[in-house]
Amino acid sequence: MRKEKILLILLMCFFMVGCEDKASSHNRRGLLLFNQRKYDESIAEFHEALKLNPELYDACFNLGIAYYGKGMIDDSEAALMKAIEINPNEPKAYYNLAFLYAATNRFGEAISEYKKAIDLFAAKKDKKEAEGYLYLAATYSLLENHEGAFAACKKAVEIDPDLEEGHYLLGVSYFKRGMFDEAVTELKKAVRLNPKSEKARSALSLIYDVLGRTEESKEENRILRELALEGNRR
């Protein structure tokens, strides 16, 4: 009798592994279809994966992204929230839920989800923590919470000094505060990271003009003209 029980347990384990593999296979196929923008087919594959394994986080998360691609906001939100329920320690569902809220003007909810994602990225020592702070700053800006945006920008570049967009936004924040030297410093960092950053060079040109540094302003404008010509030749 004991041998029969052991055999039954082993058979159940093999069955569960088979379902897991099939579920993962449907999830992978769904991702391929999603990348081809075949949203209906990808959604069907993710559903098949979840039928086989309702606790498959990636399939649930991917379903939320596919729904968003189709513009099905409520379904996307529900799938992402279900993914969070399955694994509350994985940051990417919070992160994408925050994008969804920001895109639908639910800024307070977006900020809350960004903060959760940021904390989880920090715990994993994932550099997406810095990117999270950047999006948090952008959301604060939409609410005209300039202090919040400024603090989030500073945090982003502290974590990742090579974050071009972080230095650009921090430079703009300094400029709005009338802290021109600090603004120039940050915008120059953005330009060092990306010499073809037209927005950083445009901001530098404006600040140099305000400060009466005419030659430096002219030089930035010259480079901007060259970049425009280069773009037209492509």
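Which residues form one aromatic cluster? They are Tyr-95, Phe-99, Tyr-114, Phe-121 and Tyr-135. The model is predicted, and the structure holds 11 aromatic pairs. Two of these pairs, and two rings with a charged side chain over them, are set out below.

**Phe-150 and its partners**

- Phe-150 and Tyr-174 make an edge-to-face aromatic pair, with 5.2 Å from centre to centre and 80 degrees between the planes.
- This pair links distant parts of the chain, as Phe-150 belongs to helix α8 (residues 146–159) and Tyr-174 to helix α9 (residues 164–176), 24 residues apart.
- Phe-150 has a relative accessibility of 11% and therefore counts as buried, the cut-off being under 20%.
- Tyr-174 counts as buried because its relative accessibility is 10%.
- Phe-150 also has the charged end of Arg-177 over its ring, 3.7 Å from the ring centre.

**Phe-175 and Phe-180**

- Phe-175 pairs with Phe-180 in a tilted arrangement, at 5.7 Å centre to centre and with 45 degrees between the planes.
- Phe-175 is partly exposed because its relative accessibility is 26%.
- Phe-180, with a relative accessible area of 24%, is likewise partly exposed.

**Lysine over a ring**

- Lys-92 lies over the face of Phe-61, and the distance to the ring centre is 4.7 Å.

Key: Residues are numbered from 1 along each chain as its sequence is written. This is a predicted model: local features need pLDDT of at least 70, side-chain atom pairs count only at pLDDT 80 or more; totals for chains, interfaces and linings use all residues. Side-chain values use heavy atoms; hydrogens and water are left out. Rings of Phe, Tyr and Trp (its six-membered ring) pair if their centres lie within 6.5 Å; planes under 30 degrees apart count as stacked, over 60 as edge-to-face and the rest as tilted. Helices (H or I, at least four residues) and strands (E, at least two) are DSSP runs, numbered from the N terminus. Buried means under 20% relative accessible area, exposed over 50%, partly exposed in between (1.4 Å probe, protein chains only). A charge sits over a ring if NZ of Lys or CZ of Arg is within 6 Å of the ring centre and within 35 degrees of the ring normal.
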